[in-house]
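Reader: I would like to go through this model one feature at a time. Please give the general idea where there is one, then the case at hand.

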Amino acid sequence: MKYLNISIVIFLLSLMLFHVSCTDNKDNEVMRSMVIRLIPAHADKFLFEVLQEDTIDVFEVESSNRNIVIRGNNENSMAVGLNHYLKYYCLTTVSWHSYDSIRMPDKLPPVPAKVRIEARTANRFFLNYCTFGYSMPWWKWEQWERFIDWMALNGVNMPLATTGQESVWHRVWFRLGLTDDEIRNYFTGPAYLPWHRMANIDSWQGPLPEEWMDDQEELQKKIVARERQFNMKPVLPAFAGHIPPALKRIYPDLKMTQVKYWARFGDQYRCHFLDPLDPLFATIQKDYLQEQTRLFGTDHIYGIDPFNEIDPPSWRLDSLASYSGNMYKSIEAVDKDAVWLQMTWLFYFAQKKWTDDRIESYITAPPSDKMLLLDYYCDNTEVWKRTDSYHGRPFIWCYLGNFGENTTLIGNLKETGEKIRNVYKSGGDNFAGLGCTLEGLDINPFMYEYVLEKAWNYNVSDELWIQKLADRRIGKQSEPVRKAWRDMYNKIYIQGVHTRYGTAAIRPTFAGEGFDNSHVKIGYDNKALLLVWQNLLRDKSIDRESYIFDVINVGRQVLDNYSVEIRKEFTQAYLKKEVPLMEQKATELQALLYDMDMMLSYHPSFSLEKWIGDARAMGKDDISKNFYEGNARTLLSVWGDTDRLVDYARRSWAGLTSTYYAPRWKMFTDKVISNVKAGRKFDEKAFVKELDIYERQWAKSTKPMPVYDHSIPAVDVVCELMNKYADRINKTENE
């Protein structure tokens with residue numbers, strides 16, 4: 001026929017338009033970009049389709065014509081579906097660090113039968129104010145891009161997003177009449193901004209550079225834009241009453257109080273709180289939220305935490321209700337859809353003061369559907385259980401798991417699983433989701449993956465989950481590696497986060513004496529962890545970054561645990577005044593610390609040089625580079641202006657162990673031995689003063705890190721150290 005029937009033409013055109021609409025679908029573009037970023041060699045083998053379901057998050061995975069088809073009701077669900085395929089079929093791990101490679105099989109495995117998994121809860125929260133200081137202060141877009149991919153792959157849809165807020169505050173305070181110097185001196189240095197944002201400290205390690213604020217503002221725009229592409233609702237801050245004291249110069253009648261001392265910081269670092277009933281409170285709130293929305297948009301969820309580790313001006317029930325009620329009103333006046341997200345760490349931290357009647361007054365003043373609570377530290381204490389399930393207010397059960405980004409093999413995995421099962425059963429209708437509130441991105445990432453997977457109907461037993469974890473850490477099935485991880489599950493990951501392991505990163509003292517952070521308790525037999533290490537190393541042919549990380553990480557902990565035994569033997573020799581044995585143990589401890597340092601240098605996750613290099617990269621000249629390095633070093637060492645938080649952010653890192661921890665222990669053992677030889681009693685208080693001088697000098701230095709020869713493969717080095725120490729560890733008595 002010379003001319004097609006008009007109805008056929010319309011039909012063909014409609015098919016073309018349908019094809020174009022599917023090809024141009026935003027979901028496909030977002031997921032296509034993700035697979036190109038993560039696994040570019042296989043990107044053309046994945047197809048992404050939208051499920052027209054809006055009542056629950058769900059994903060499907062199946063094979064079709066040699067392709068892997070992943071469906072989801074939105075991009076976040078499809079990302080979880082992609083991760084499910086990568087973990088359980090490709091046996092691969094996507095790390096939250098951009099420097100970790102992603103190893104894929106040459107040929108994509110088929111999915112024998114269609115998989116469909118629905119979410120059990122709509123809210124999946126991630127991050128902690130402190131993470132932005134302990135882990136993220138020196139991140140640029142490359143690191144954030146991978147991390148956001150990781151959050152999407154693990155189903156996070158409510159991330160805390162506090163980057164860049166100082167540029168907003170600078171505009172607000174400037175419009176209120178403060179000078180640039182007053183504002184930037186009010187802010188802390190970059191790594192300490194989380195504690196400034198939580199109204200714990202002002203000015204420490206400041207002033208905040210203008211270049212920092214400008215860079216972070218642009219970074220935050222990218223962060224929230226990408227998070228929203230994956231159907232996340234970034235939790236942005238709102239005004240919680242923390243103000244610069246210089247405002248009193250302009251507004252002499254302010255109803256302002258100075259909060260109590262925090263962590264023994266000096267008076268010049270104390271924060272000030274503006275009463276929510278003061279007329280200026282609503283003015284500041286409006287200006288801040290409008291400016292923040294102009295720059296970063298809004299998803300109507302605001303993190304507001306006015307009394308974190310500090311007392312409110314009054315503990316009267318009506319005062320507490322007035323604070324929270326009027327705070328919410330100031331937000332609602334700007335955004336009628338606003339939801340207040342409140343972390344409940346304060347109810348745990350000051351639980352004797354935050355009695356149930358005070359908690360009830362505080363959390364029930366805002367409308368019932370406008371306050372969402374983060375039960376912050378459920379791996380230790382579930383506040384929902386002692387508050388009648390937060391008196392009906394919606395709450396998210398959270399696993400904290402880490403303080404200060406400490407590097408310790410730790411995590412009460414079985415207990416965490418049991419608690420999550422119980423909260424689903426008994427948490428009540430106001431149980432609203434799961435979350436992770438880690439202070440730092442530590443060396444136990446699978447613990448957070450475990451918790452986030454519980455937000456979906458996987459119905460996988462812990463035993464099977466551990467087995468699959470073992471497989472994907474090495475990319476294949478291996479009985480020795482599976483046994484290693486079973487032993488980790490049954491014998492090692494059984495302790496809460498407050499357990500302190502090892503000697504290397506604690507302030508030198510005699511065993512069981514001195515500072516709080518010197519008390520060491522190993523909650524398992526180190527020989528059991530040594531056996532884990534040996535089983536992991538039975539197949540040295542494994543060539544995968546996650547495996548290298550594991551054998552170094554486990555080995556680091558084995559050696560650190562063994563250092564406790566050496567310190568104990570040094571103490572016993574001191575009590576008997578056996579100088580030759582003291583000298584032997586001091587030499588042995590130094591050798592062990594340098595062996596640890598050399599082994600740790602093989603992976604960037606354990607690198608002080610990387611931490612400092614990233615910090616210096618934020619600067620534009622030597623002056624600013626040195627400023628950022630000083631900020632980075634101080635956080636890891638002395639932390640504040642007293643000894644209250646020394647070593648709180650302790651880490652077994654290459655460079656940190658050899659240039660900071662090992663020299664401190666040498667100072668200690670040398671001083672003790674010299675005193676014994678001279679017949680003098682060791683004066684620990686005098687020694688601590690010497691130590692404080694050394695620590696603060698180290699924090700201000702720019703001394704380069706040691707350079708190691710990496711011509712020998714990492715696994716060979718690890719095996720050599722395992723063989724070197726195995727007999728010594730097996731000879732030690734059980735704890």
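Reader: In which helix is the place of histidine 391?

Author: This is a predicted model. Histidine 391 belongs to helix α16, residues 388–391.

Reader: What is the phi of histidine 391?

Author: The general idea comes before the case. Most residues other than glycine have a negative phi, and most peptide bonds are trans. Histidine 391 is not a glycine, yet its phi is positive, about 50°.

Reader: Which peptide bond is cis?

Author: The bond from glycine 206 to proline 207 is cis, and its omega is near -5°. Proline 207 sits in the loop between α8 (193–197) and α9.

Reader: How is the chain divided into domains?

Author: Domain 1 covers 29–118 and domain 3 covers 482–731, while domain 2 is assembled from 123–163, 208–243 and 277–456. The centres of domain 2 and domain 3, taken over C-alpha atoms, are 32 Å apart. Their contact involves 35 residues of domain 2 and 40 residues of domain 3.

Reader: What area do domain 2 and domain 3 bury between them?

Author: The general idea is again short. The size of an interface is often given as the accessible area lost when the parts come together. For domain 2 and domain 3 that value is about 3200 Å², with 59% of it on carbon and sulfur atoms. On the domain 2 side, Tyr134, Trp138 and Leu409 lose the most area to domain 3, and together they account for 27% of what that side buries.

Reader: How many salt bridges and how many residue pairs in polar contact cross the interface of domain 2 and domain 3?

Author: There are two salt bridges across the interface, and 18 residue pairs are in polar contact, both residues at pLDDT 80 or more.

Reader: Which helices supply at least two residues each to the side of domain 2 that touches domain 3?

Author: They are α4 (131–134), α9 (210–229), α17 (413–426) and α18 (445–453). Helix α9 gives the most, with four residues. By class, this side of domain 2 has 14 nonpolar, 14 polar and seven charged residues.

Reader: How many salt bridges does the whole structure hold?

Author: The structure holds 55. One salt bridge joins aspartate 215 to lysine 620, with the closest N and O atoms 3.2 Å apart. Another links lysine 483 and aspartate 487, where the closest N and O atoms are 2.8 Å apart. Lysine 483 and aspartate 487 both lie in helix α20 (residues 479–492), four residues apart, which is about one turn of the helix.

Reader: In what order do the eight strands of the open sheet run?

Author: The order is β6-β5-β15-β14-β13-β12-β11-β7, and the pairing is parallel.

Reader: Why is one side of β6 and of β7 left without a neighbour in the sheet?

Author: β6 (158–159) and β7 (236–237) stand at the edges and each has a single partner strand, so one side of each has no neighbour there.

Reader: Over how many bridges do β14 and β15 pair?

Author: Strand β14 (residues 395–399) and strand β15 (residues 431–436) pair in the parallel sense over five bridges. Phenylalanine 395 has phenylalanine 431 of β15 as its bridge partner.

Terms used. Residues are numbered from 1 along each chain as its sequence is written. This is a predicted model: local features need pLDDT of at least 70, side-chain atom pairs count only at pLDDT 80 or more; totals for chains, interfaces and linings use all residues. Side-chain values use heavy atoms; hydrogens and water are left out. Domain bounds come from an automatic or database domain assignment. Contact means heavy atoms within 4.5 Å. Buried area is the accessible area (1.4 Å probe) that two parts lose on being put together, summed over both. A salt bridge is a side-chain nitrogen of Lys or Arg within 4 Å of a carboxyl oxygen of Asp or Glu. A polar contact is a pair of N or O atoms within 3.5 Å; within protein, one must be able to donate a hydrogen and the other to accept it, and residues adjacent in sequence count only if both atoms are side-chain atoms. Ala, Val, Leu, Ile, Met, Phe, Trp, Tyr, Cys and Pro count as nonpolar, Asp, Glu, Lys and Arg as charged, and the others, Gly among them, as polar. Two strands pair if DSSP finds at least two bridges between them.
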